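Trainee: I would like to learn how to read a protein structure one feature at a time. Could we go through an example together?

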Amino acid sequence: MGVSCGSQGKLTITDDDVIEKSNLSRQFLFRDWNIGQAKSTVAASAAVSINPQLKIEALQNRVGPETECVFHDDFWENLTVVISALDNVNARLYVDQRCLYFQKPLLESGTLGAKCNTQMVIPHLTENYGASRDPTEKQAPMCTVHSFPHNIDHCLTWARSEFEGLLEKTPAEVNAYLSNPSEYATAMRNAADAQAKDNLERILQCLEQEKCETFQDCVTWARLRFEDYFVNRVKQLTFTFPEDATTSTGAPFWSAPKRFPRPLQFSTTDPSHLQFIMAASILRAETFGIPVPDWVKNTKMLAKAVEKVIVPDFQPKEGVKIETDEKATSLSTGSVDDAAVINELLFKLERCRNNLPSGFRMKPIQFEKDDDTNYHMDLIAGLANMRARNYSIPEVDKLKAKFIAGRIIPAIATSTAMATGLVCLELYKVLDGAHKVEDYRNTFANLALPLFSMAEPVPPKVMKHRDMSWTVWDRWILRGNPTVRELIQWLKDKGLNAYSISYGSCLLFSNMFPRHKERLDKKVVDVAREIAKGDLPPYRSHLDVVVACEDDEDNDINIPQISVYY
């Protein structure tokens, strides 16, 4: 198109991610040999090879509040247009707010499988991206995932959670404790809650009862994990809630969609059982830095190693609480004795730490779905399928498990190309300028139907007061480093009675607090520095305040953000 090819042109692209195997099928800029490289630099070099006149800068920064020192006011003010192809709503909302603030056109787009959509966000002509929201996706209740799964997605969500807990979070907690035991202990004592207790119990279990020094220890751990997950927990659940259990209203407890589970019987002749043991023991060995012997891949030798493990008998207990409330957000239960238990756990941990080799650290494992040789998906698929077998849920192969547990958003190059083409058509209009709202088009397409729906963008909502009107695109500016009183008077002259002034989460002034009258003759910026307990960013010469106002009839008036220059 020749964009950013002139003497004053420049295209800045940024992405903090690296190329994965699953990225290769959805566009044309990456190749096999680029896997593991930064997306933005590879895309930039590919684009320059297509058009050597292109002036492009590739960055590897996430766009967000934490990188405003990189993407500062001057950066945003010098942009002509922003084109966003982000993969999450929060990032989209942030870019949307920046474009609103600096009054820059935003060409927004997204794809999902055969679907794609484009939205034009044009200053003063259209509503912004954040003006309307898609409904949030429903997540399965925690108790369903933990104890009452009824589809394979629940089993895979549980499997991914267990993988991260056992192989990433617990080793990371162990290292945090070992790096600075006194500081960690203080933090746990200060928290003194169920989460702190759980963290300490996991660390102690990992370093004491389940510590591995040989690969046979790892096999033992894997075999006992199998027994715990797929036998003992199911026995406890069905003991607490028998098949004929009823609810408080007399209805059967195990009514649909709940499925009554049955414990598994471990067998070295079942390939899926041995596959689970192999993957679990290999990954456990990796966290402890234990070499993996070649015999682990020999079915007969692995079976012999598993048969050496002594599995203790399990008896279900009375009075075990199993969460059944679908609104519960945590499975941890606190108690008044948490502080005492935490102190006891810390004492045991200190004793355990003294028995560890000097400099001992674990190796946390981060889930990586695209490496077929790392056993990550083998373990997750094994965990999910054994659990599915408990609950008579159809099992899935490793590829399907990877798709769900890896949270791969389906994508095809066709819908990506269509979204790109539609955005580029609108880009011509933005760069041409002087277009009306009816000249632009938002599009939703589903190539699988096929459905193509094009519509004019929705104009922004207009607010009015007296002879003034404004939209979400407007920002009022007050220069001259005013005092709080001068800001209030400036609004009073517009027929607006200010009753509170805020900067971020800090309340700078409220007429409800008599002591705030002392702030009236102070500069707004000085009050902000005093209350916010920190200097304003050095790259900014103004601060943005939100002022709550009423008209003379005491009706709330929603006014634009005010930029106070100092």
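Trainee: Let me begin with a single residue: in which loop does D554 lie?

Mentor: Please keep in mind throughout that this is a predicted model. D554 lies in the loop between β13 and β14, the latter being residues 556-557. Its backbone is worth a look, since phi of D554 is near 65°, a positive value in a residue other than glycine.

Trainee: Is D554 buried or exposed, and how do I decide?

Mentor: One compares the relative accessible area with a cut-off, and exposed means over 50%. D554 has 56% relative accessibility, so it counts as exposed.

Trainee: Where else should I look for a positive phi in a residue that is not a glycine?

Mentor: Look at S392, which is not a glycine and yet has a positive phi of about 55°. S392 is placed in the loop between α12 (376-390) and α13 (398-405), and with a relative accessible area of 55% S392 is exposed. A further positive phi, near 45°, belongs to A192, the residue that follows α6.

Trainee: Since you mention α6, which of its residues are buried?

Mentor: Helix α6 covers residues 181-191, and its buried residues are P181, Y184, A185 and M188. When you look down the axis of α6, these buried residues fall within an arc of 100°, so they line one face of the helix. On the other side of α6 you will find S182, E183 and N190, which are exposed.

Trainee: What do the buried residues of α6 pack against?

Mentor: They pack against three helices, namely α5 (152-179), α7 (194-209) and α11 (338-353).

Trainee: How should I read a residue that carries an annotation, and which residue does "active site" cover here?

Mentor: An annotation is a statement taken from a record, and it should be kept apart from what is computed from the atoms. The UniProt annotation "active site", from an unreviewed entry, covers C143. In the model, C143 is found in helix α4, which runs over residues 142-147, and C143 is buried, with a relative accessible area of 3%.

Trainee: What does a buried residue in a strand look like, and in which strand is S84 found?

Mentor: S84 is found in strand β3, residues 82-84, and at 4% relative accessibility S84 counts as buried. Leaving aside residues up to four places away in sequence, S84 touches L106, L107, E108 and S109. You can also set distance along the chain beside distance in space: S84 and V95 are 11 residues apart in sequence, and their C-alpha atoms are 8.0 Å apart.

Trainee: Which peptide bonds should I inspect for a cis form?

Mentor: The angle to read is omega. The peptide bond from A256 to P257 is cis, with omega near 10°, and P257 is found in the loop between α8 (215-240) and α9 (271-288). Another cis peptide bond joins L449 and P450, where omega is about -5°, and P450 has its place in the loop between β6 (442-446) and β7 (451-455).

Trainee: Turning to empty spaces, how many cavities of 30 Å³ or more does the structure hold?

Mentor: The structure holds one cavity of 30 Å³ or more, and the largest cavity has a volume of about 50 Å³. The residues that line the largest cavity include W221, R225, Y229 and F276. The helices α5, α8, α9 and α12 each supply at least two residues of that lining, and the largest share, three residues, comes from α8.

Trainee: What volume does the second largest pocket have, and which residues lie nearest its centre?

Mentor: The second largest pocket has a volume of about 830 Å³. It is lined by 31 residues, of which Q97, L100, Y101, V546 and Q561 lie nearest its centre. The elements giving two or more residues to this lining are α3 (89-102), β11 (497-503) and β13 (542-550), and α3 gives the most, with five residues.

Trainee: Finally, into which domains is the protein divided?

Mentor: The division gives domain 1 (11-136 + 410-455), domain 2 (150-255 + 266-310 + 336-392) and domain 3 (463-565). The centres of domain 1 and domain 2, taken over C-alpha atoms, are separated by 41 Å.

How values were computed
Residues are numbered from 1 along each chain as its sequence is written. This is a predicted model: local features need pLDDT of at least 70, side-chain atom pairs count only at pLDDT 80 or more; totals for chains, interfaces and linings use all residues. Side-chain values use heavy atoms; hydrogens and water are left out. Buried means under 20% relative accessible area, exposed over 50%, partly exposed in between (1.4 Å probe, protein chains only). Helices (H or I, at least four residues) and strands (E, at least two) are DSSP runs, numbered from the N terminus. The arc is that of the directions from the helix axis to the C-beta atoms. Contact means heavy atoms within 4.5 Å. UniProt positions are given in the numbering used here, feature names are shortened, and annotations may be inferred rather than shown by experiment. Domain bounds come from an automatic or database domain assignment. On a 1 Å grid over the protein atoms alone, a cavity is a set of points where a 1.4 Å probe fits but cannot get out, and a pocket is an open set with protein on both sides within 12 Å along at least five of seven lines; lining residues have an atom within 4 Å of a point. Grid points are joined across faces, edges and corners, and a volume is the space filled by probe spheres set on the points.
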